[in-house]
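Morning, everyone. I have one structure to walk through today. Please take a look at the sequence and the model first.

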Amino acid sequence: KEVNINTLINSVVLNFELRVKSKNGELTSDLKADPAIIKADEVHLTNVLFNLLDNAVKYSKDEPRIHISTETKDDFVVLSVKDHGIGIQSEHVGQIFERFYRVPTGNVHDVKGFGLGLSYVKIIVDAHKGKIKVESAPNKGTKFMIYFPINTEDHGKKSKIAIGRG
Ligand code: ATP
Ligand code: MG
């Protein structure tokens with residue numbers, strides 16, 4: 001099915017804003033992807049966003065400041081979720097998508113979790129033929145970027161029509 005990722009994000013943001021505001025944080029967005037239509041499962045895509053936002057809140061020490069953005073890059077729609085939280089040390093970044101993996105933080109940042117959220121995210125991204133990248137710096141924050149291929153079949157159709165007319 002085809003999903004407008006910007007529209008989907010707007011509704012997720014409306015839902016999630018309450019949680020962020022209850023922690024005196026802020027959730028901002030800048031949705032520039034155009035076209036924003038991707039082939040995706042709406043339910044799974046919503047869950048992916050919730051998982052990334054849940055982490056962004058959980059792994060922020062004080063008021064969570066989260067920014068969601070979309071843009072079009074080459075043949076991809078790029079979705080980014082950026083936080084200013086505790087970050088991840090580079091030696092652990094390679095493992096966070098493994099099932100049950102949680103970065104050991106001792107009692108410095110004691111939050112509950114099973115270590116399953118990101119393994120689910122990875123499975124869903126793979127199922128959409130997408131890619132996920134992470135940029136993170138300890139005590140500065142983390143940015144997750146998901147690359148979704150733009151529905152190229154549509155572009156093919158459009159150009160054929162254009163050629164036919166010419
Ligand atoms: P669950 O999502 O199952 O409730 P979880 O949040 O611990 O538990 P994942 O979402 O899979 O599990 O994340 C794995 C680990 O990666 C986390 O335990 C945490 O150490 C680290 N991590 C994930 N997102 C962030 C983030 N935004 N900032 C800092 N660390 C993160
Ligand atoms: Mg999680």
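I'll cover confidence, then the sheet, then the ligand.

This is a predicted model. Mean pLDDT for the chain is 91. Of its residues, 89% reach 70 or more. Now the weak stretch. Over residues 155-161, pLDDT is below 50. Beyond near neighbours in sequence, that stretch has zero contacts in the model. For the complex, the predictor gives an ipTM of 0.99 and a pTM of 0.91.

On to the sheet. It is open, with five strands. The order is S2-S4-S5-S7-S6, and the pairing is mixed. Which strands stand at the edges? Strand S2, 26-31, and strand S6, 131-137. Each has a single partner strand, so one side of each has no neighbour in the sheet. On average, neighbouring strands are turned by 15° against each other, direction ignored.

Look at S6 and its pairing with S7, residues 141-149. The two are antiparallel, over seven bridges. One bridge joins alanine 137 to glycine 141 in S7.

Now helix H1, residues 5-22. H1 lies across S2, S4 (65-73) and S5 (76-83). Against S2, H1 runs at about 170°.

Last, ligand 1. How many residues surround it? The count is 22. The closest are Tyr59, Val103, Gly113, Gly117 and Leu118. Two elements give two or more residues to this shell: helix H2 (42-58) and helix H4 (117-127). H2 gives the most, with four residues. By type, the shell divides into 10 nonpolar, nine polar and three charged residues.

That's the tour. Questions welcome.

How values were computed
Residues numbered from 1 in each chain as written. Chains lettered and ligands numbered in written order. Predicted model: local features only at pLDDT ≥ 70, side-chain atom pairs only at ≥ 80, totals over all residues. Near = placed C-beta within 6 Å. Nonpolar A, V, L, I, M, F, W, Y, C, P; charged D, E, K, R; others polar. pLDDT = per-residue confidence, 0-100. Contact = placed C-beta atoms within 7 Å. Pairing = 2+ DSSP bridges. Axes fitted to C-alpha atoms, helices over the stretch in contact; angles between N-to-C directions.
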